[in-house]
Amino acid sequence: MEDTSDRLDDHISHAIVDGTPYERLRARRYSLFSGTIPTKLRRQGGLLLLLTAVVPVLGAATATTEGGTAWSALFTSPKIALLAFFAVGVETLAAVALFAIAALRLKHEILDERTAHRLLNLEDMASMVGLGTGGLAVVLVATYAVVGVLAPDALVGLQPAHSAGPFSGSGAGVPLAAIAGLSSVLAVATVVGGSLLRERLS
């Protein structure tokens, strides 16, 4: 544990003393979602992979509450699918922003302090959207999926009177299977892209 802490302190000290203005500013500022851009991208990829893994559970929960089989439910569009689609959209938007910031850093290796400060603000905003808002959406989807399978009656008590539940049809035409496919592709692209950037930005 001490070795890890020492390595982290050495990395921060190196960034402050020998790093670019961007690295110096990053080392000195506090951020709720710390880490480099490649690390943040891999975390977002992990969230997308979690969402992909949850989709079959959503199908099972939909079948449990609305009838039918788990397989056929994957080709329906329950209301909870809209939240899952929102999570995919938020993670995609945040990942694109982080990739754009990384591209600017690679294009302009030495940034002045003002530009570096602006890019760090954009990076923090993208992290808040992807890991904060998107992460919360993924957790909510996963929670509904687990509760829908293990305790479907609990959802009845949570929904307003005369209102359809989260697994009833949305009419949006966004099937669960399509969300799983899109999420898995984006997850792989984000993780691989983050890993490649780790080498370029090191």
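**Exercise 1. Find which helix gives the most residues to the nonpolar surface patch.**

Step 1. Helix α6, residues 113–150, gives the most to this patch, with three residues. Helices are DSSP runs of H or I with at least four residues, strands are runs of E with at least two, and both are numbered from the N terminus.

Step 2. The patch is made by Val57, Val146, Val149 and Leu150, and it covers about 330 Å². A patch takes residues with over 30% relative accessible area and no salt bridge; nonpolar side chains (Val, Leu, Ile, Met, Phe, Trp, Tyr) are joined within 5 Å, and like charges within 9 Å. Areas come from the Shrake-Rupley method with a 1.4 Å probe, and for residues only the protein chains shown count as cover.

Step 3. Val57 has its place in helix α3, residues 37–66. Val57 counts as partly exposed because its relative accessibility is 32%. Buried means under 20% relative accessible area, exposed means over 50%, and partly exposed lies in between (1.4 Å probe, protein chains only).

A note before you go on: this is a predicted model, in which local features need pLDDT of at least 70 and side-chain atom pairs count only at pLDDT 80 or more, while totals for chains, interfaces and linings use all residues. Residues are numbered from 1 along each chain as its sequence is written, and side-chain values use heavy atoms, with hydrogens and water left out.

**Exercise 2. Describe the overall make-up of the protein chain.**

Step 1. Count the elements: the chain has eight helices and zero strands. Along the sequence, the pattern reads α-α-α-α-α-α-α-α.

Step 2. Look at burial: of the 202 residues, 37% are buried.

Step 3. Look at the surface: about 11100 Å² is exposed, and carbon and sulfur atoms supply 65% of it.

Step 4. Turn to contacts, meaning heavy atoms within 4.5 Å. Among those between residues at least 6 apart in sequence, 81% join residues at least 24 apart.

**Exercise 3. Compare the expected and actual spans of α6, α3 and α8, and locate any bends.**

Step 1. The expected span is 1.5 Å times one less than the number of residues.

Step 2. For α6, 38 residues should span 56 Å, and the end C-alpha atoms are 53 Å apart, which agrees. There is a bend of about 30° at Gly135 in α6. The bend at a residue is the angle between axes fitted to the seven residues ending there and the seven starting there.

Step 3. For α3, 30 residues reach 42 Å from first C-alpha to last, close to the expected 44 Å. Its kink of about 30° lies at Val55, shortly before the proline Pro56. After α3 comes Gly67, with a positive phi near 95°.

Step 4. For α8, 26 residues should span 38 Å, and its end C-alpha atoms are 36 Å apart, so the two agree.

**Exercise 4. Find the salt bridge and decide whether its partners are buried or exposed.**

Step 1. A salt bridge is a side-chain nitrogen of Lys or Arg within 4 Å of a carboxyl oxygen of Asp or Glu. The count by this rule is one.

Step 2. The partners are Lys40 and Glu123, whose side chains meet at 2.8 Å, N to O. This pair links distant parts of the chain, with Lys40 in helix α3 and Glu123 in helix α6, 83 residues apart.

Step 3. Lys40 is buried because its relative accessible area is 1%. Glu123 also counts as buried, at 0% relative accessibility.

**Exercise 5. Work out what surrounds α8 and Thr62.**

Step 1. List the buried residues of α8; among them are Leu176, Ile179, Ala180 and Ser183. Their cover includes α3, α4 (70–73) and α5 (79–107).

Step 2. Move to Thr62, which sits in helix α3. At 5% relative accessibility, Thr62 is buried. Leaving aside neighbours within four places in sequence, Thr62 contacts Gly67, Ala73, Thr76, Pro78, Phe167 and Leu176.

Step 3. Check Ser184, also found in helix α8. Its C-alpha lies 5.8 Å from that of Thr52, although the two are 132 residues apart along the chain. Ser184 is partly exposed, with a relative accessible area of 25%.

Step 4. Finish with Leu196 in helix α8. Leu196 counts as exposed because its relative accessible area is 56%. Leu196 and Pro38 are 158 residues apart in sequence, and their C-alpha atoms are 8.0 Å apart in space.
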